[in-house]
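Hi,

Here is the structure I promised to pass on. Could you open it in your viewer and keep it next to this email while you read?

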Amino acid sequence: MPDSLWPFVPSPRFVDVTHAEGRTLFTRDGGTILDATGGAIVSNIGHGRREVAEACAAAMVSMSYAVPPFVTPERTRLVERLRRHWLPPHLTRVWLASGGSEAADAACKLAIQHFHAKGETSRTKIIGREISYHGTTALTLAVGGHVARKAGYESVMPDMPHAPTPYALRSPLGRNHPDFDIAVAKGLEEVILREGPETIAAFICEPINGSSGGAIMPGPRYWPLVQEICRRHGVLIITDEVMTGFGRTGKRFAAEHFGVEADIMVSGKGLAGGYAPICGVFATDAVVAPLAPKGIGPMFYTYSGHPGACAAADKVLEIMEREDLVARSAEKGEALRARLEAALGQHANVAEIRGRGLFFGLEIVKDRDTLEQFPLETGMTQRVVGAGLAQGVFFYAGGTGAVRDIICVGPAFTVEDGELDRIAETLKRAIDKAVEGAKA
C-alpha cells in the first residue's frame, strides 16, 4: 500500500495539485490541468477570485460561528439576495446545510415532517428514481438509484420505492421511442398506486439527471404529466438541483426548462462555486405552514449557514449577476455542444451527447449501433479520465454501476472559446486512446 497521507484510501491515480487560477489547476511537478468539469461540476466563476476570499475572511473575523437558528448579517444578506434575484417566487423559505447530502436528507425529512404535522402520519415514503444520486446518508442512499454506492449498506438503509427514469436512449419500448416520456411518467403513478398514495410523502428527482446518468434529458411531456400525477395524489415534489442549479444548465435552475414548480428544492454546488461548503433547501409557505404552529422544523447541522460560507455564497452570486454568467453559461454551452458534436457526434464509440448549458454527459459504448457496452472489467470510464489527464485535461466520471461509461463535461462559466476547443479535441483523443487500449 502506498505511503501517502491523502486520500484516505490510497489511489493509483495520484494528482498533487498545489493551486489553481481561472480554469487551470497547477500540479506539484510543474504541470497544468485544464479543469473541464469545474471539479465535481462545482466551480462556476473559476478559481482565484480574491473578492470572494475577502468577503469570507471579513465575515469570519466579525463572527467565527453562530448557532444556525440565530440571525446574522451574512445569513440575512444571502437569503435576501436569493429571494430577490434567484429563487422562483413560490419558494419563499430558505434553510441552509453544508453540502448536498445533508440538504437532500433534510428535504426528504421535511416532506415527512410536513405530513406528520398535518396528521397524515402514514405518509413516510419518498419515491426516488432508478437512475439517480442524492447523497451518502442512509436515507439519501435509499431514495437514490446509485447501485454502486448502495453496495454493502443495504441492511442500514430504509426500504424506499423507485420509479423509472426517462432514459430514452435505452428505452424498453425501443431506442428513443417517441412516447417513452409518457410511459415513464405513468410508471411513477403505477408506483404510487402500488404503494398506496396515503403512504407517499414525496417524489424526489433531478430535473436533468446529474452525473449518475450523465445529463439524461427527459422528453417534453414527462414533467407536465409528473406534476399532474403528484398533485392529484397529494405527493410533494422535491427537485434535486445540487448539480444543475445556479446557472449550470443555462437557466437559474434546470426546472425552468420544463416549467416544474417544486414544493421543495435542493441546490448547492453553484451556490458558492466551490469557495465554501454550503447548500440550500428551499420550500413553499404551504410546506412550512403546518410546522409553524407546532414550533418544529428541520433539525440543523452544526455548520448550517456558517457566516463565512454565507458571505462567500453572497459574493459568488453577486459576481454571477454582475457578469451575467447564467446567460454566458447558455451561450458557451451552445458553443461547447457544437464542438462536441463536431468532434464526437458520429464517433463509433459515443452513443449519445446530452445536456444543457455547460453540463454535458457522453455515453461511451463498444458498438454505437447496438449500444453494446464494453466489458465491465475494461474500466472504460477511468481509461478515458486517465487519458485526458495524461494530456492535461480533467474530465469527470459519471454513472451508477448499472449505468456506466459516462463522461461528464462542465467547465466554469468563465471558460473561453480556446479552452472549449481544447476540451473537445482532447476528449476525442482520450476516447480514442481508451478504446485502443481496451482492444490491446
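**What turned up**

Let's begin with a tyrosine: Y301 counts as partly exposed, because its relative accessible area is 21%. Before going further, please keep in mind that this is a predicted model.

**Rings and charges**

How many aromatic pairs does the structure hold? There are 5 aromatic pairs in it. One of them joins Y65 and Y303 edge-to-face, with 6.1 Å from centre to centre and 75 degrees between the planes. Y65 belongs to the loop between α2 (50-62) and α3 (73-86), while Y303 belongs to the loop between α10 (285-288) and α11 (307-322), so this pair ties together parts that lie 238 residues apart in sequence. On accessibility, Y65 is partly exposed because its relative value is 33%, whereas Y303 comes out at 52% and so counts as exposed.

Y301, the residue I opened with, has a ring partner too. Its ring and that of W95 have centres 5.8 Å apart and planes at 65 degrees, so the pair is classed as edge-to-face. This pair also links distant parts of the chain: W95 is in strand β4 (residues 93-97) and Y301 in the loop between α10 and α11, 206 residues apart. Is W95 buried or exposed? With a relative accessibility of 16%, W95 counts as buried.

W95 is also worth a look alongside V288. These two residues are 193 apart in sequence, yet 11 Å apart in space, C-alpha to C-alpha. V288 lies in helix α10 and is partly exposed, at 24% relative accessible area.

Still on rings, W86, F246 and F253 make up one aromatic cluster. Then there are two arginines to click on. R123 has its charged end over the ring of F115, 4.9 Å from the ring centre. Likewise, R149 places its charged end over the ring of Y133, in this case 4.5 Å from the centre.

**An antiparallel sheet, and the helix on it**

Next, the sheets. As background, strands in a sheet pair through hydrogen bonds of the backbone, in either a parallel or an antiparallel sense.

One open sheet has 4 strands, ordered β11-β12-β15-β14, and its pairing is antiparallel. At the edges stand β11 (350-356) and β14 (396-398), each pairing on one side only. From one strand to the next, the twist averages 25 degrees. Strands β14 and β15 (residues 406-409) are joined by 3 bridges and run antiparallel. Which residue of β15 is the bridge partner of A397? The partner is I407.

Helix α12 (residues 325-344) packs on this sheet, where it touches β11, β12 (359-364) and β15. The direction of α12 makes about 175 degrees with that of β11.

**A mixed sheet**

Another open sheet, also of 4 strands, runs β1-β2-β3-β13 and has mixed pairing. Its edges are β1 (17-21) and β13 (393-394); each has a single partner strand, so one side of each has no neighbour in the sheet. In the parallel sense, β13 pairs with strand β3 (residues 32-35) over 2 bridges. Look there for D35, which stands opposite F394 of β13.

**Nonpolar cores**

The largest nonpolar core is made of 61 residues, and L78, L82, I278 and L427 have the most contacts inside it. What does L427 touch, leaving out residues up to four places away in sequence? Its contacts are L340, L344, L362, V384, F395, I407 and V409. I407 in that list is the bridge partner of A397 from the antiparallel sheet. There is also a second, separate core, with 39 residues, C230, I237, F258 and C408 among them.

**One alanine to finish**

A312 has its place in helix α11. Why does A312 count as buried? Because its relative accessibility is 0%. Setting aside residues up to four places away in sequence, A312 touches V52, C56, Y275 and A276. A312 and A272 are 6.1 Å apart in space, C-alpha to C-alpha, with their positions 40 residues apart in sequence.

That's the handover. Over to you!

Key
Residues numbered from 1 in each chain as written. Predicted model: local features only at pLDDT ≥ 70, side-chain atom pairs only at ≥ 80, totals over all residues. Heavy atoms only, no water. Phe/Tyr/Trp six-rings, centres within 6.5 Å; stacked < 30°, edge-to-face > 60°. Buried < 20%, exposed > 50% of the residue type's maximum accessible area, 1.4 Å probe, protein only. Lys NZ or Arg CZ within 6 Å of the ring centre and 35° of its normal. Pairing = 2+ DSSP bridges. Axes fitted to C-alpha atoms, helices over the stretch in contact; angles between N-to-C directions. Contact = heavy atoms within 4.5 Å. Core = buried A, V, L, I, M, F, W, Y, C linked by side-chain atoms within 4.5 Å.
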